[in-house]
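Please load the model in your viewer and keep the selection panel at hand. The tour below proceeds from one selection to the next.

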There are 2 protein chains.
Amino acid sequence: MTAERKGPMIIAVGSGKGGVGKSTLTANLAIALAKKGVKVGLVDADIYGPSQPVIFGTQGQRPDARDNKPIPLESKYGVDHLSMGHLVAPGKALAWRGPMAAGALGQLIEAHWAEDTQVLLIDLPPGTGDVQLTMVQKFKPAGAVLVSTPQDLALIDAARAGQLFDTAGVPVIGLVENMSGYACPHCGETSDPFGSGGVEAAAGRLELPFLGRIPLAMDIRQGSDAGEPPAAGDGAHAGAFHAIAEKLATWISERS
Amino acid sequence: MTAERKGPMIIAVGSGKGGVGKSTLTANLAIALAKKGVKVGLVDADIYGPSQPVIFGTQGQRPDARDNKPIPLESKYGVDHLSMGHLVAPGKALAWRGPMAAGALGQLIEAHWAEDTQVLLIDLPPGTGDVQLTMVQKFKPAGAVLVSTPQDLALIDAARAGQLFDTAGVPVIGLVENMSGYACPHCGETSDPFGSGGVEAAAGRLELPFLGRIPLAMDIRQGSDAGEPPAAGDGAHAGAFHAIAEKLATWISERS
């Protein structure tokens, strides 16, 4: 039976380093794809630091289960999602060794996603540990998006993550530069606390597509903290996410 | 024999979320403590994203070994240090499952540290996985410093990490707020891309000491990328690190 099931296309969103905005990007890409009519599910596989319940405003909700498999939560943005953060009390450490974390990933991916789900975006934990290895080995994604800030230290880690996908034969769809340029709320001038342009240059060196850049902006951060992702609205920064989603949608349609 | 050995006091520097500046803080605290005359060693246990070779300008160096144990590298800042980044080629993914990562931690901690080493600072990977569990269970630290940005999403993860130490009976020495306030290089006005004050408030709620704040500043990032940590000099941001190191030194001396 399993072999006959045509499941959704799995796309992983990864980063070498944490704190580069991977979860925010994943949520906003999912919402932007949904707005384009793609039926998207989102798995928050960042087992040790699940952010999606906060970003989608669904923290404290508990998914129902059927046949021992969880039923993903709906959101007002048209993106069904499921996170370990929904299964554990806030502030509780998921002090799990690797095999348990990797097992949890399987539960989330093999949940009761709607039958018409076309794409499952996976918000991976940072780094190249158990969850990522299980992801590429057991649930081989069709492709991966890599996120980095332009800082050298982050780029080094992003290259490591890229190499993990490469070794596993998972194509890297492209790189996204996050926290690129910050407009001073006082004078309006832009500066680059984390540098600028480094990710596009790295994409060139690694011969990978560059998908675009997202600025460092207070309203993106506040939207993420408040369960109001910018891609759902039409504010100043929605466009940056929609432009990247457009490239992703093209990649997906060419392979569907 | 082992029981008689009085090893250095182990202090872990952890964060729930990655990318909050944990490695930069650890390096600068080590340098500031060394300037105060404390003999400090630094272990970069961030197995999947080792940053210390870049911060100390020792990338590409290979530690010697004696009796199958590595000999820590010296640095011009008076801090011996050892990182998995010294043992693996740059850009190579450390695609290790948990038990292997935890084993690597043991190799770094049980290396040939100078006999007069008083304190071993451990730059932990973000989160609450295998390396952290091995750290608290096998190499029980005397205390832990937690770093977070003021963003809600980061604070939630910091509380999780705090809970891990608490459960293991490792006292949390205090919380540090990083990326707190950014001075525009054009107009000089300060704004808060990641919010402000959240970590001090969280420390209050969790009844933990607040150790201080480090601003988001281009010269801290550039110094970290260029192997010139600010605490080693007397630039504008050295003082913030030295003030936190002073509190840490007091904590250490009260327990030595």
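The stops that follow begin with the contact between the chains and then move to individual elements and residues.

**The two chains**

Note at the outset that this is a predicted model. Colour chain A and chain B separately. A rotation of 180° with 0.0 Å of shift along its axis brings chain B onto chain A, at an RMSD of 0.0 Å. The two copies are thus related as by a two-fold rotation axis.

**The interface**

Select the residues of each chain that touch the other. Chain B contributes 52 residues to the contact, and chain A contributes 52 residues. Of the interface residues of chain B, 100% are also interface residues in chain A, so the copies meet through the same surface. About 4,500 Å² is buried between chain B and chain A, and carbon and sulfur atoms account for 56% of that area. Now show B:Arg97, B:Leu153 and B:Arg160 as sticks: 15% of the area that chain B buries against chain A comes from them, more than from any other three residues.

What kinds of polar link cross this interface? Between chain B and chain A there are 15 residue pairs in polar contact, with both residues at pLDDT 80 or more. The salt-bridge rule, in contrast, finds 0 salt bridges across the interface of chain B and chain A.

Next, colour the chain B side by element. Two or more residues each come from helix H2 (52-55), helix H3 (98-109), helix H4 (130-138), helix H5 (152-167), strand S10 (190-191) and helix H7 (218-225) of chain B. Which of these gives the most? H5(B) does, with 8 residues on the side of chain B that touches chain A. By residue type, that side of chain B divides into 23 nonpolar, 18 polar and 11 charged residues.

**Helix H4 of chain A**

Select residues 130-138 of chain A. This helix, H4, is mostly covered, with 7 of its 9 residues buried. The buried residues are A:Asp130, A:Val131, A:Gln132, A:Leu133, A:Thr134, A:Met135 and A:Val136. Display their surroundings: within chain A, the buried residues of H4(A) pack against strand S1 (9-14), H3, strand S6 (119-123) and helix H5 (152-167). From chain B, H3 and H4 also pack against them.

**Salt bridges within helices of chain B**

The structure holds 18 salt bridges over all chains. Return to B:Arg160, already shown as sticks. The side chain of B:Arg160 meets that of B:Asp157 in a salt bridge of 2.6 Å, N to O. Both residues lie in helix H5 of chain B, 3 residues apart, about one turn of the helix. B:Arg160 is buried, with a relative accessible area of 6%, and B:Asp157 is likewise buried at 2%.

Move to helix H7 of chain B and select B:Asp225 and B:Arg221. Their side chains form a salt bridge at 3.9 Å, N to O. B:Asp225 and B:Arg221 are 4 residues apart in this helix, separated by about one helical turn. Both B:Asp225 and B:Arg221 are buried. In general, an α-helix has 3.6 residues a turn, so residues three or four places apart point the same way.

**Salt bridges in chain A**

Select A:Arg213 and A:Glu177, whose side chains meet in a salt bridge of 3.6 Å, N to O. This pair links distant parts of the chain, 36 residues apart: A:Arg213 belongs to strand S11 (residues 210-213) and A:Glu177 to strand S8 (residues 172-177) of chain A. Is each partner buried or partly exposed? A:Arg213 counts as partly exposed at 36% relative accessibility, whereas A:Glu177 is buried at 0%. Then select A:Lys22, A:Asp46 and A:Asp123, which are linked in a network of salt bridges.

**The loop before helix H3**

In chain B, select B:His86, placed in the loop between strand S5 (80-83) and H3. B:His86 is buried, at 0% relative accessibility. Leaving aside neighbours within four places in sequence, its contacts are B:Pro53, B:Thr58, B:Gln61, B:Arg62, B:Pro63, B:Leu73 and B:His81.

Finish in chain A with A:Leu87, found in the loop between strand S5 (80-83) and helix H3 (98-109). A:Leu87 is partly exposed, with a relative accessible area of 37%. Not counting residues up to four places away in sequence, A:Leu87 touches A:Arg62 and A:Pro63. As a last step, draw a distance from the C-alpha atom of A:Leu87 to that of A:Ser191: these atoms are separated by 40 Å, and the residues are 104 apart along the chain.

Terms used: Residues numbered from 1 in each chain as written. Chains lettered and ligands numbered in written order. Predicted model: local features only at pLDDT ≥ 70, side-chain atom pairs only at ≥ 80, totals over all residues. Heavy atoms only, no water. Contact = heavy atoms within 4.5 Å. Buried area = accessible area lost by both parts, 1.4 Å probe. Salt bridge = Lys/Arg side-chain N within 4 Å of Asp/Glu carboxyl O. Polar contact = N/O pair within 3.5 Å; in protein donor to acceptor, adjacent residues only side chain to side chain. Nonpolar A, V, L, I, M, F, W, Y, C, P; charged D, E, K, R; others polar. Least-squares fit on C-alpha atoms with pLDDT ≥ 70 in both. Buried < 20%, exposed > 50% of the residue type's maximum accessible area, 1.4 Å probe, protein only.
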